[in-house]
Each structure stands twice: as C-alpha cells, then as structure tokens.
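Thanks for coming. I will go through one structure, starting with its charged side chains and ending with its strands.

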Amino acid sequence: NRNTEDWGKAVYKLTEKRGVDVVVDNVGEDTWMGSLRSLARGGRMLVVGNTSGYEVQMDSRYIFGKHLSIIGSSMGTQADFKRVMGLVMDGKVKPVVGAVLPLADAAKAHSMLEGGDVFGKIVLTP
C-alpha cells in the first residue's frame, strides 16, 4: 500500500536488494520514484498512464546507474483487451476493490480517489 509505506524500498528489500524486472506504472507522479527504485539492474518501466499527475521528478542516476528502460504505451489492441478480460472472467486475474458505494455516493467516491483514501478500485452500485 503506497499510502502506508515506501513501497519501492519494500519491493527492493523483499527481492533481497535485487529489484523486479518490470514495473507497469499507470499512476504517474505519485509512484514514479518508487517504480524506478524497485527495478532491478536492466529493468524496464512501462508507463501507461498518469492518474496522479504527469509532472514527474526523478533522480536520473537510477536510469543510467541501473541501465533502466522507460517505455511508454497507450491502450492495447482490441485483441489484447479480449485476452485480458478473458483472464478476469476466468478468475485468473482479480481487480483489487477498495470500496463499494451506491451511485448516490459518487461525490464521496471522487473525494476518496482524489484524497488517496482508497487502495484499489471503487465500484459504484445502482
């Protein structure tokens, strides 16, 4: 949970200071440095969004010191979407749901997202 600990350092420790090979970052500003920090030497960071903001700051020493690659991508193809949704429907990939609220509480849901008060997705029900 990026709100309760420095998750980039935690990942680095959990991998016995090796780091991970790939990070998919769709958050942007709030997670950028953690994503870089958690990568192993020669690791790759795939950037697919910026829900927390697009003006990132970074220590460029991570890039050349660890031989990192930063790769940008947008949405995948329709075939990719169908493949991933098949995994979700088969129960092989499960989204993290942080809260379930009635549609009438949509404003509250927005506040929770903006304040970073929820870990995972918010589901609005009728």
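Which residue forms a salt bridge with Arg-83? Before I answer, please keep in mind that this is a predicted model. The partner is Asp-80, and the closest N and O atoms of the two are 3.1 Å apart. Both residues lie in helix α4, and they are three residues apart, which is about one turn of the helix.

How open are these two side chains? Arg-83 is exposed, because its relative accessible area is 54% and exposed means over 50%. Asp-80 has 31% relative accessibility, so it counts as partly exposed.

Let us stay with α4 for a moment. It covers residues 78-89, so 12 residues in total. At 1.5 Å a residue the helix should span 16 Å, and its end C-alpha atoms are indeed 16 Å apart, so the two figures agree. Just after α4 comes Gly-91, with a positive phi of about 80°.

Now the other salt bridges. How many does the count come to? The count is four, and I will discuss two more of them.

One joins the side chains of Arg-37 and Asp-6, at 3.2 Å from N to O. Arg-37 is in helix α2, residues 32-38, while Asp-6 is in the segment before α1, so this pair ties together parts that are 31 residues apart in sequence. Asp-6 is at 34% relative accessibility and therefore counts as partly exposed.

Another pairs Arg-61 with Asp-59, where the closest N and O atoms are 2.5 Å apart. Arg-61 counts as exposed, at 57% relative accessibility. Asp-59, with a relative accessible area of 23%, is partly exposed.

That leaves the strands. In which sense do β1 and β2 pair, parallel or antiparallel? They pair in the parallel sense, over five bridges, with β1 covering residues 20-25 and β2 covering residues 39-47. If you want to find this on the screen, look for Val-20, whose bridge partner in β2 is Leu-39. Helix α2, the one that holds Arg-37, belongs here too: β1, α2 and β2 make a right-handed β-α-β unit.

Strand β2 is also joined to β3, residues 69-72, by four bridges, and these two strands run parallel. Here you can look for Met-45, whose bridge partner in β3 is Ile-70. So that you can place β2: it pairs with β1 and is joined to β3.

That is what I have for today.

Methods
Residues numbered from 1 in each chain as written. Predicted model: local features only at pLDDT ≥ 70, side-chain atom pairs only at ≥ 80, totals over all residues. Heavy atoms only, no water. Expected span 1.5 Å × (residues − 1). Buried < 20%, exposed > 50% of the residue type's maximum accessible area, 1.4 Å probe, protein only. Pairing = 2+ DSSP bridges. Right-handed = clockwise from strand over helix to strand, strands pointing away.
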